Structure formats: structure tokens, C-alpha cells
Amino acid sequence: MKAHPNKHIHAAIEYAISKGWHFVAGGGSSHCFGRIRCGISAHREHMMSIWSTPRNPENHAAQIIRKVDHCLIDET
């Protein structure tokens, strides 16, 4: 995985990967750094775009972590 230029977002992506999510680089938009997807095949709707230059990187990182944590709650 290529490193995201923002340390907060990069850490959030690493957190998602540590929880079993998959990172797919690139995307349909030039502003899309990539996407994360839940590793559980039944969770098709559990995915999120990662932006290259979000307006507030710390908030975007928090959104990533919340998405991952919400999936972990659904899993149990």
C-alpha cells in the first residue's frame, strides 16, 4: 500500500487493515486516494472512499475509524 500523505489518514487506513479491512488503491476520481472494504463478504455495503486532499484530514481520519468500528459492532 502506498502511504497517504497525511499521517492521520494513513494511521486510520492502517487501523482499518489491522481490523481485517482491505485497501484498494485509486478510484474513479482524481481526488480519490483509494477505498477500504470490509473483509467479510456478507458486508458488501461496508466500504468507504479515502480522499487524497480532504478539507479536514483529522475529521476524515475519524470518519474512517468510525466506519471500521461500526462494522465491528455489526459483526457481533
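Q: Why is His60 called buried?
A: In this predicted model, His60 has a relative accessible area of 4%. Buried means under 20% relative accessible area, whereas exposed means over 50% and partly exposed lies in between (1.4 Å probe, protein chains only). The value of 4% falls under that limit, and therefore His60 counts as buried.

Q: What rules govern the numbering and the values used here?
A: Residues are numbered from 1 along each chain as its sequence is written, and side-chain values use heavy atoms, with hydrogens and water left out. Because the model is predicted, local features need pLDDT of at least 70 and side-chain atom pairs count only at pLDDT 80 or more, while totals for chains, interfaces and linings use all residues.

Q: Which residues are in contact with His60, leaving aside its neighbours within four places in sequence?
A: His60 lies in helix H2 (helices, H or I, of at least four residues and strands, E, of at least two are DSSP runs numbered from the N terminus). Contact means heavy atoms within 4.5 Å, and on that basis His60 is in contact with Ile9, Met48, Ser49, Ile50, Trp51 and Pro54.

Q: What makes the approach of the His60 side chain to the backbone nitrogen of Trp51 a polar contact?
A: The side chain of His60 reaches that nitrogen at 3.1 Å. A polar contact is a pair of N or O atoms within 3.5 Å; within protein, one must be able to donate a hydrogen and the other to accept it, and residues adjacent in sequence count only if both atoms are side-chain atoms. The distance of 3.1 Å is within the 3.5 Å limit.

Q: Why does Ala16 count as buried?
A: Ala16, found in helix H1, has 0% relative accessibility and therefore counts as buried. Not counting residues up to four places away in sequence, Ala16 touches Trp21, Ile36 and Val68. The C-alpha atoms of Ala16 and Ile64 are separated by 7.7 Å, although these residues are 48 apart along the chain.

Q: What makes a set of residues a nonpolar core, and which residues have the most contacts inside the largest one?
A: A nonpolar core is a set of buried Ala, Val, Leu, Ile, Met, Phe, Trp, Tyr and Cys residues joined through side-chain atoms within 4.5 Å. The largest has 15 residues, and those with the most contacts inside it are Ile9, Ile13, Trp21, Ile36, Ile50 and Ile64. Helix H1 (7-18), strand E2 (32-37), strand E3 (47-51) and helix H2 (57-75) each supply at least two residues of this core.
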